[in-house]
Amino acid sequence: MQQTPLEEDPAYAPGSFLGYDTFSTRTVVEALLVNGKPVLQVSKGSEVEVFLNRTPFYAESGGQIGDNGFLFISQAGNQQTVVIEIKDIKKSVGNIFVHKGTIKKGSIEVGGEVEAAVDAKLRQRAKVHHTVTHLLQVVLKKVIGQETSQTGSLVAFDRLRFDFNFHRPLLDNELMEIEELINSWIEDSTLLQTKVMPLTGAKKAGAIAMFGEKYGEQVRVVKVPSVSMELFGGTHVSSTSEIRGLKIISKQGIASGIRRIEAIADNPVVVGIACLYLADRAKHDELAAKWTLRFASLLQELNCQGSPYSLTVPREDQHEIPESVHRSGQTPEAERQIETQPSNAMATDFKSIPLIDISPLLAKWDDPNMAQDQGITGVVKQLDQACREAGFFYVKGHGIPDSIIKEVRNVARKFFSLPYEEKLKIKISPTTGYRGYQRMGENITKGIPDMHEAIDCYREVKPGMYGTLSKPLEGPNQWPINPPNLKQLMEEYISLCTDLSRKIMRGIALALGASADEFEGERAGDPFWVFRIIGYPVLSHANGKDMTENDIGCGAHTDYGLLTLVNQDADITALEVRNQSGEWISAPPVPGTFVCNIGDMLKILTNGLYESTFHRVINKSPTYRVCVAYFYETNFDAAIKPLDICIRRTGGTKKFERAVYGEHLVSKVTTNFVKEDELDS
Ligand SMILES: N=C(N)NCCCC[C@H](N)C(=O)O
Ligand SMILES: O=C(O)CCC(=O)C(=O)O
Ligand SMILES: [Fe+2]
């Protein structure tokens, strides 16, 4: 086994570092220094060193730069009355974290409570560069020989530096091989396994101490399965896909026998250059195609983000708190606001959507001892992580035959290709219980017409079934006569989806720490469902450049119920999911999978532990796209409120008021369409 440096884990240093799982926290100012002298209060304009009783900030160590971020105090309405910009975190004597910053607004005092919030975007880049230094250590040994090893490193937001001993400069083909190997691991989206273990155990397993620092009793080790058995500490990405790509930007000798390389990761522009370079020098066509494709998808990513990717940290004069700074511990007033308007505060800045093989769950979904089953526990862990971090995941091993999934899309495509008059025979309206065909632009999201056509279906609602509440949705589904097998196929498909969703929800119940049937009975024992067959036209602005809001297939929205199963067209990337810093992350089709996402009811039930993530659809491809979305919901008349177990898991405070699912659905459905008179024109 190869040996790798083991860094000290700040989680076990005094000063309570919370930053592995938490990016923001309320905390208390324990001491303040100005020009090295203790003071009780500091106001606007001063440079200050702040000591806190606990902190989410990572302090410079093991070569990784300290976090940037803010300390602040908010008032009602989320107005900041005090803002301190933190640019440097050091560890002082006794491992105490010193937060160095400038007071941009207001004043702070010793004993006062502040919110400490890390700039998650910058932390992400540091994390990525940190993981890359460890991958470099492994790769260098592979490419130039076991005798080389790391002599130092610097992990910054914009780049990394890696020093190692070797007797001669690296050759071009060696540099390329290094980039090739690391970029391939990134492509593989390998999940890193993090484990806390005793220092002695870690050393036995092959980790060695390096930077001459002291270690706690317990250390945190990370392993990249199948890539290496390396063990390492510090903050790291959870999947190699977060690195997105690597480009070495310089090499030099810095002392006799010591060489240095510098590299950049996680920046689409730089990664694009790396891909072109690799494609150009690829040994065979297949490899060249792989890197060319990767380059194409990066270009697409840059186009849709619309924001220039900056390599620099925030400007000197910037003192607004950027969106990428986490602010979880809101004032009670701000918290109340979250209840009324959907928050977009995802737990993380995920860069890709995890894929989960749920076959172990399906094999034993009603086994009374399922919670103890190893296979199921593995799935449940992945579900929990995916729901907390992204609110989106792919499932494979779901048991629905691929032939049915494909046929459903083919039949949908056939329907949309019929003449407009034919489709209008099952026209949607308030008098059809909002069931049936809607033309392009008839569905609206946040006031803007969506560029899709669709057939909407709902579980049957008999007259008076839920009193006046369900009245707007009463009526039979409107199935087209053409294609003739559509109705039967879709009804069969809906029943498979209902069955599958119920089983996934049992896994999610376990993930929450509840019993597997938490979502049965009054909550979702008699689940309502919504079903949409959707078609997205080809954009008029085919170059995707002069896009207007009229080119959005479906505007940013959250789904309404518990769990959505999306069966999307092959080969077209159009669905995008919004992460915590507001970036749109593509959810490309993965053959044989469903894309699953969390709806508003599950967000309420979990007290926000799982987010109903915003997503949108933009079909920039030159072909018509179909999508068949199945929505698994609670009972129609279920009153939904946060589960006690979830309130405990989210800090003890209830964040959402009770909501009745049927009311939520009806309020959405009745406002989702352009008005009747505009419609007929
Ligand atoms: N049943 C569900 N989730 N349908 C999703 C439709 C999303 C768009 C809709 N106009 C909206 O604004 O919600
Ligand atoms: O077309 C897609 O991929 C997703 C559609 C969607 O989000 C919805 O209908 O709620
Ligand atoms: Fe959706």
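This passage walks through a metal site, a ligand pocket and the cysteines of one protein model. The model is a predicted one, so everything below is read from computed coordinates.

The iron ion (ligand 3) makes a good starting point. Three side chains hold on to the iron ion: H557 and H615, each through NE2, and D559 through OD. The distances run from 2.1 to 2.3 Å. Written along the sequence, the donors follow the pattern H-x1-D-x55-H. That pattern brings distant parts of the chain together, since H557 sits in strand 26 (residues 554–557) while H615 belongs to strand 31 (residues 615–617). The two histidines are 58 residues apart. Both H557 and H615 are also buried.

Next comes ligand 1, and some of the names are already familiar. Among the residues surrounding ligand 1 are H557 and D559, which also turn up as donors to the iron ion. The rest of the shell is made up of N443, I444, T445, D450, V530, R532, C554, Y560, F631 and N672. Sorted by class, this shell contains five nonpolar, four polar and three charged residues. Several strands pitch in here: strand 21 (444–445), strand 25 (529–536) and strand 26 each provide at least two of the shell residues.

A run of neighbours in the sequence reaches nitrogen atoms of ligand 1. For N443, a polar side-chain atom lies 2.7 Å from a nitrogen atom of the ligand. I444 does things through its backbone, with a polar atom there 2.8 Å from a ligand nitrogen. T445 goes back to using its side chain, where a polar atom is 2.8 Å from a nitrogen of ligand 1. As for how wrapped up the ligand is, the protein covers 93% of the 370 Å² of accessible area that ligand 1 has on its own.

Finally, what about the cysteines? The count of disulfides comes to zero. A disulfide needs two cysteine sulfur atoms within 2.5 Å, and two cysteines show how that requirement is missed. The sulfur of C387 has its closest cysteine sulfur in C596, but at 8.9 Å that is too far for a bond. C497 tells a similar story: the closest cysteine sulfur is again in C596, this time 9.6 Å away, so no bond can be drawn there either. Are these two cysteines buried or exposed? C387 is buried, with a relative accessible area of 0%, and C497 is buried with a relative accessible area of 0% as well.

Key: Residues numbered from 1 in each chain as written. Chains lettered and ligands numbered in written order. Predicted model: local features only at pLDDT ≥ 70, side-chain atom pairs only at ≥ 80, totals over all residues. Heavy atoms only, no water. Donors = N, O, S within 2.8 Å, 3.2 Å for Na, K, Ca; no water. Helix = DSSP H or I, 4+ residues; strand = E, 2+ residues; numbered from the N terminus. Buried < 20%, exposed > 50% of the residue type's maximum accessible area, 1.4 Å probe, protein only. Near = heavy atom within 4 Å. Polar contact = N/O pair within 3.5 Å; in protein donor to acceptor, adjacent residues only side chain to side chain. Areas by Shrake-Rupley, 256 points an atom, 1.4 Å probe, with all protein chains shown as cover. Nonpolar A, V, L, I, M, F, W, Y, C, P; charged D, E, K, R; others polar.
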